[in-house]
Amino acid sequence: RCIFTNLAQRRYFLSLLADVHKRFNAEWHAYCLMGNHYHLLLRTPDGNLQRIMRHINGLYTQYFNRSEGTDGPLFRGRYKAILVDAQSYWLSLSRYIHRNPLEAKLCDSLSQYRWSSYKGYVGIDDIPVWLTTEYILNAIGARNVHERYKAYVDQAVDEGLAEFYGKKKLRPILGDDPFKSSI
C-alpha cells in the first residue's frame with residue numbers, strides 16, 4: 001500500500017526522524033523513503049528501538065490518515081528489524097539502502113532521487129543535523145570521501161547481502177558466525 005502520496009507526507013516523516021533523534025537518542029545513519037515502505041539504518045544506544053518505531057509509525061499513521069481523510073492502520077504487522085554487525089556490514093547496508101530507488105526503477109540516477117540520505121553522503125545536499133554520516137564515510141577512507149562513496153554505491157549490491165534480503169524467512173541477525181553466537 002502506498003504510504004507516501006505527496007511531498008508534505010515525506011517531509012513530515014523526515015521531521016519525525018529529527019524529533020526522534022532528540023527525544024530518543026537515535027543515531028540515524030541512512031534512510032530511504034520509497035512509495036510503499038521505508039528503510040532506516042540506525043543505532044539505538046539506549047536499546048529503545050521498540051519505542052522509537054512505535055513513535056514513528058504511530059505519529060506518521062495519524063498524520064497520513066488526517067491528510068488522506070482515512071482511518072485505521074497504515075502498516076501491517078510489526079516492523080522488520082535486523083540486528084547488524086556494524087563493523088562488517090554498515091557500509092554495504094548503506095549501499096543497499098541508497099540503491100533501493102535505482103533497483104526499483106524510480107530514477108535513472110541516485111542523484112535525482114530526493115528522498116534518501118544518498119545526496120548528503122555524496123556532497124550534493126547539506127547533511128541534516130540529525131543524520132550521522134561519519135561512521136560510514138570513515139569506512140570509505142580519509143580523502144575524497146564523497147566521490148569514493150559515490151563510486152562504491154555505483155557498484156552492485158554485495159551478493160551476500162542481496163541473498164540475505166532475498167530469503168523469505170529472514171533471521172534477524174546480519175553478521176559473521178562469531179557475532180551471531182555472541183548475540
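**Chatting through helices, a pocket and a few odd loops**

Colleague: Where does Gly58 lie?

Modeller: Gly58 is part of helix α2, which covers residues 49–68. Keep in mind that this is a predicted model.

Colleague: Okay, and is Gly58 buried, exposed or partly exposed?

Modeller: Partly exposed, because its relative accessible area is 29%, and anything from 20% to 50% gets that label.

Colleague: How far is Gly58 from Thr132?

Modeller: In space, 24 Å from C-alpha to C-alpha; along the sequence, 74 residues separate Gly58 and Thr132.

Colleague: What about the residue Asn57, where does that one lie?

Modeller: Helix α2 also holds Asn57. Its relative accessibility is 13%, so Asn57 counts as buried, as the cut-off for that is under 20%.

Colleague: Which side chain does Asn57 touch with a polar contact?

Modeller: The side chain of Tyr38, at 2.5 Å.

Colleague: Switching to helix α3. How many Å should its 18 residues span?

Modeller: Helix α3 runs over residues 86–103, and at 1.5 Å a residue it should span 26 Å. The expected value is 1.5 Å times one less than the number of residues, so the sum uses the steps between residues. In the model the end C-alpha atoms of α3 are 24 Å apart, which agrees.

Colleague: Where does α3 bend?

Modeller: At Ile97, by about 25°. There's a proline, Pro101, that follows Ile97 within four residues.

Colleague: Which residues in α3 are buried?

Modeller: Quite a run of them, including Trp90, Leu91, Tyr96, Ile97, His98 and Pro101. So the bend residue Ile97 and the proline after it, Pro101, are both on the buried list.

Colleague: Why do residues three or four places apart in an α-helix point the same way?

Modeller: An α-helix has 3.6 residues a turn, so a step of three or four places brings you back to the same direction.

Colleague: What happens just after α3?

Modeller: Lys105 takes a positive phi of about 60° there. Lys105 does this although it is not a glycine. You'll find Lys105 in the loop between α3 and α4, the latter being residues 118–121.

Colleague: Is Lys105 buried or exposed?

Modeller: Exposed, because its relative accessibility is 71%, and the cut-off for that label is over 50%.

Colleague: Which other residue has a positive phi although it is not a glycine?

Modeller: Asn25 is one, with a phi of about 60°. Asn25 belongs to the loop between α1 (7–24) and β1. With a relative accessible area of 35%, Asn25 is partly exposed.

Colleague: Back to the loop between α3 and α4. Is Ser117 there buried or exposed?

Modeller: Ser117 is buried, as its relative accessible area is 2%. The side chain of Ser117 reaches the backbone nitrogen of Tyr31 at 3.0 Å.

Colleague: New topic: how much space lies in the largest pocket?

Modeller: About 1,100 Å³. Its lining has 35 residues, and the ones nearest the centre are Leu40, Tyr79, Lys80, Ala81 and Ile82.

Colleague: Which elements supply at least two residues of that lining?

Modeller: β1 (27–33), β2 (38–43), α2, β3 (83–84) and α3 each do. Of these, β2 gives the most, with six residues.

Colleague: And how do the lining residues divide into nonpolar, polar and charged?

Modeller: There are 22 nonpolar, seven polar and six charged.

Colleague: You mentioned β1. How far apart are Ala30 and Ser94?

Modeller: Their C-alpha atoms are 6.2 Å apart, although 64 residues separate Ala30 and Ser94 in sequence. Ala30 sits in strand β1, and it counts as buried because its relative accessibility is 0%. Ser94 is in α3 and is buried as well.

Colleague: And how far apart in space are Asn36 and Val145?

Modeller: 31 Å, C-alpha to C-alpha, with their positions 109 residues apart in sequence. Asn36 is in the loop between β1 and β2, and with a relative accessible area of 46% it is partly exposed.

Colleague: Last one: how far is Leu7 from Asn100?

Modeller: Leu7 and Asn100 are 19 Å apart, C-alpha to C-alpha, and 93 residues apart in sequence. Leu7 lies in helix α1 and is partly exposed, at 39% relative accessibility, whereas Asn100 is one of the buried residues of α3.

Methods
Residues are numbered from 1 along each chain as its sequence is written. This is a predicted model: local features need pLDDT of at least 70, side-chain atom pairs count only at pLDDT 80 or more; totals for chains, interfaces and linings use all residues. Side-chain values use heavy atoms; hydrogens and water are left out. Buried means under 20% relative accessible area, exposed over 50%, partly exposed in between (1.4 Å probe, protein chains only). The bend at a residue is the angle between axes fitted to the seven residues ending there and the seven starting there. On a 1 Å grid over the protein atoms alone, a cavity is a set of points where a 1.4 Å probe fits but cannot get out, and a pocket is an open set with protein on both sides within 12 Å along at least five of seven lines; lining residues have an atom within 4 Å of a point. Grid points are joined across faces, edges and corners, and a volume is the space filled by probe spheres set on the points. Ala, Val, Leu, Ile, Met, Phe, Trp, Tyr, Cys and Pro count as nonpolar, Asp, Glu, Lys and Arg as charged, and the others, Gly among them, as polar. A polar contact is a pair of N or O atoms within 3.5 Å; within protein, one must be able to donate a hydrogen and the other to accept it, and residues adjacent in sequence count only if both atoms are side-chain atoms.
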